[in-house]
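Open the model in a viewer with the sequence panel visible. The stops below can be selected one after another.

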Amino acid sequence: MVPLALVPLAIGEAIDEGIAARDTGTLLTWCGLILALGLVLAISDLKTNRAGDRAWLDSASLVQRVVVRHATHVGAALPKKIKTGEIVAIGSSDIYSIGGLMGVFSRLAGGLVAFIVVAVILLSSTPILGLIVLVGVPLATLGFVPLLKPLRARTEKHRDEVGAATSMAADIVSGLRILRGIGGERKFTERFGQTSQRVRKAGVEAAKIDSWLSGIEVFLPGLVTVLVLWLGARLALDGTITVGELIAFYGVSAFLVIPVGTATEAAHHYSEAIVAAKRACAILAMEPSVTSPEKPKPLPQGSFGLHDETSGLTFPAGQLTVVNTTEPVAFADRLGRYTDAEVLAGDIPLREADIEEIRDRVLVAHNQDVLFSGKLADEVDMGKTVDLRTALWAADAMDVVDGLEHGTDEYLAERGRTLSGGQRQRMLLARALSFDADVLVLDEPTSAVDAHTEARIAQRVAELRQGRTTVVFSQSPLWTGVADRVYTA
């Protein structure tokens with residue numbers, strides 16, 4: 001910024017000392033200095049842009065990593081506290097707002113330094129014009145301040161609508177198969193269209209304020225430039241300043257539009273970044289439902305039993321227990337310590353155990369869990385002692401694999417949408433079995449398969465999990481037939 005501000009001053013000196021004085025040597029000297037300023041300007045501009053881009057990328061990446069890491073830390077409690085669309089919107093739009101503010105800082109700092117340098121030079125040469133520039137440019141910069149509050153409000157409204165639209169889109173995509181089955185595609189398309197229009201209208205309202213900012217960015221500094229040029233012309237006609245000084249003052253006034261524009265840009269980014277940062281901070285302020293104690297106790301070695309104080313039921317170590325209950329999700333979450341409840345692992349309360357150890361040794365698998373996109377082998381094989389083919393066999397899913405063109409190398413779509421409900425459920429069961437947890441809790445693992453398939457699965461799971469603690473929530477008699485113990489709660 002400083003070399004750019006000094007170029008018009010150097011041109012003014014070249015006119016006065018070189019052209020007006022008809023001194024070729026001095027003119028060439030100033031031309032060389034102007035060329036040197038241009039070279040420095042080119043190099044510094046390259047470095048500034050590179051630094052701004054690096055700051056943009058680093059800050060956006062940092063926000064994304066921190067939010068995702070904390071969301072993972074909050075774990076199962078997250079969906080109960082925030083919509084899925086909010087998390088997606090942070091990664092798809094908010095990080096760009098925060099990154100944009102970080103990226104403009106270097107240019108904003110450069111503009112401030114250049115303004116101070118120019119103000120000192122102008123005040124020392126022509127105090128009147130220097131004072132106009134020194135006072136006029138800050139006033140021009142402050143002209144857009146009244147617009148910042150409505151811009152922030154409209155930006156926040158737009159952000160709310162984006163989050164709502166993203167959540168709706170995620171819900172529609174996840175339920176696409178069902179919507180097609182009941183003919184609901186057109187209805188939900190209309191609903192999403194209405195939501196999209198609200199996003200558009202909110203965006204237009206924010207853009208109106210932005211357009212006023214863009215206009216003020218040109219208009220107010222332009223007034224300062226006109227005033228400097230008019231007063232400078234009069235001073236030049238009176239002989240108070242030279243023609244070179246007039247040109248220098250005009251060039252400097254025109255240059256000062258750049259710092260004002262940068263300040264306006266920074267203000268705009270600030271308004272957007274504040275809205276985005278509030279969203280990110282709302283997630284970062286969330287706490288998991290359960291945490292580890294300061295001095296956790298180790299869980300019993302090997303496959304251990306569980307006792308649920310809420311229901312009074314005991315699940316012996318190394319046995320397959322089937323529970324017939326109307327609230328399997330809440331029951332399973334208690335056993336896996338996803339909710340705070342009195343549950344004993346042997347004689348150790350789960351409240352007193354390390355949460356990471358619990359997650360590593362007690363696996364709760366719900367029938368509404370999801371498959372991620374990627375190769376089937378990567379999404380199902382957890383890399384434990386139960387190999388992939390054994391887990392697929394136990395889940396009676398080998399016929400599914402054999403029907404795929406690339407077998408276990410087949411690429412699964414997100415949430416396994418290319419599979420039927422029963423096929424997807426068997427893959428989820430295979431993934432749970434592959435984890436080979438000391439305690440495995442299965443919530444309705446065969447609700448979407450036929451009776452013959454369910455019978456094979458129940459028999460094979462009982463065989464595979466022999467000597468390991470397994471709890472199955474199911475109302476099917478096919479599971480009770482292979483169970484070591486059966487409860488009705």
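**Parallel strands**

Start by selecting Leu363 together with Leu440, its bridge partner in E9. The model is a predicted one, so every stop on this tour refers to computed coordinates.

Now widen the selection to strand E6, residues 362–366. E6 and E9 run parallel and are joined by five bridges. How many residues of E6 are buried? Five of its five residues are, so the strand is mostly covered. Colour the side chains by face: Val362, Val364 and His366 lie on one side, and Leu363 and Ala365 on the other. Both faces of E6 are covered.

Keep E9 on screen and add strand E10, residues 469–473. Five bridges pair E9 with E10, again in the parallel sense. To see one of the contacts in this pairing, pick Val439, whose bridge partner in E10 is Thr469. E10 is mostly covered, with five of its five residues buried. On one side of E10 are Thr469, Val471 and Phe473, and on the other are Thr470 and Val472; both faces are covered.

Next, select strand E3, residues 320–324. E3 runs parallel to E10, and four bridges join the two. Val323 is a useful pick here, with Phe473 as its bridge partner in E10.

**The loop after E9**

Go back to E9, which spans residues 439–443, and step into the loop between this strand and helix H17 (451–464). Select Glu444, which lies in that loop. What is the phi of Glu444? Its phi is positive, about 45°, although the residue is not a glycine. Most residues other than glycine have a negative phi. Is Glu444 buried or exposed? The relative accessible area of Glu444 is 19%; buried means under 20%, so Glu444 counts as buried.

**Helix H18**

Select Leu478 in helix H18, residues 477–480. Leu478 is partly exposed, at 31% relative accessibility. Show its neighbours, leaving out residues up to four places away in sequence: Leu478 touches Ala451, Glu454, Ala455 and Ala458. For a distance across the model, add Glu156 and draw a line between the two C-alpha atoms. Leu478 and Glu156 are 54 Å apart in space and 322 residues apart in sequence.

**The antiparallel sheet**

Select the open sheet of four strands, whose order is E2-E1-E4-E5. Its pairing is antiparallel. Which strands are at the edges? They are strand E2 (313–315) and strand E5 (348–349), each of which pairs on one side only. Then zoom in on E5 and strand E4, residues 343–345. Two bridges join E4 and E5, which run antiparallel. Ala345 has Ile348 as its bridge partner in E5.

**Helices H1 and H2**

Move to the start of the sequence and show helix H1 (2–20) and helix H2 (24–74). Select Arg22 in the loop between them. Arg22 is another residue to check for its backbone angle: its phi is near 55°, a positive value in a residue other than glycine. Is Arg22 buried or exposed? It counts as exposed, at 78% relative accessibility.

Stay with H1 and select Ile19. Ile19 counts as exposed because its relative accessibility is 51% and the cut-off for exposed is over 50%. Not counting residues up to four places away in sequence, Ile19 touches Ala14 and Leu27. Add Val63 and draw the C-alpha line from Ile19: the two are 56 Å apart in space and 44 residues apart in sequence.

**The whole chain**

Zoom out and colour by secondary structure. The chain has 18 helices and eleven strands. Its radius of gyration is 34 Å, well over the 23 Å that the globule rule gives for 489 residues, so the chain is more spread out than a compact globule. Along the principal axes, the C-alpha atoms fill a box of roughly 110 × 55 × 45 Å.

Switch to a surface view. The accessible surface of the chain is about 24,700 Å², and 60% of this belongs to carbon and sulfur atoms. Of the 489 residues, 43% count as buried. Last, colour by charge: the chain has 47 positive and 56 negative charges, and their mean positions are 4 Å apart.

Key
Residues are numbered from 1 along each chain as its sequence is written. This is a predicted model: local features need pLDDT of at least 70, side-chain atom pairs count only at pLDDT 80 or more; totals for chains, interfaces and linings use all residues. Side-chain values use heavy atoms; hydrogens and water are left out. Buried means under 20% relative accessible area, exposed over 50%, partly exposed in between (1.4 Å probe, protein chains only). The radius of gyration is taken over C-alpha atoms; the globule rule is 2.2 Å times the number of residues to the power 0.38. Accessible areas come from the Shrake-Rupley method with a 1.4 Å probe; for residues, only the protein chains shown count as cover. Lys and Arg count as positive and Asp and Glu as negative; His and the chain ends are not counted. The place of a charge is taken as NZ of Lys, CZ of Arg, CG of Asp or CD of Glu. Two strands pair if DSSP finds at least two bridges between them. Contact means heavy atoms within 4.5 Å.
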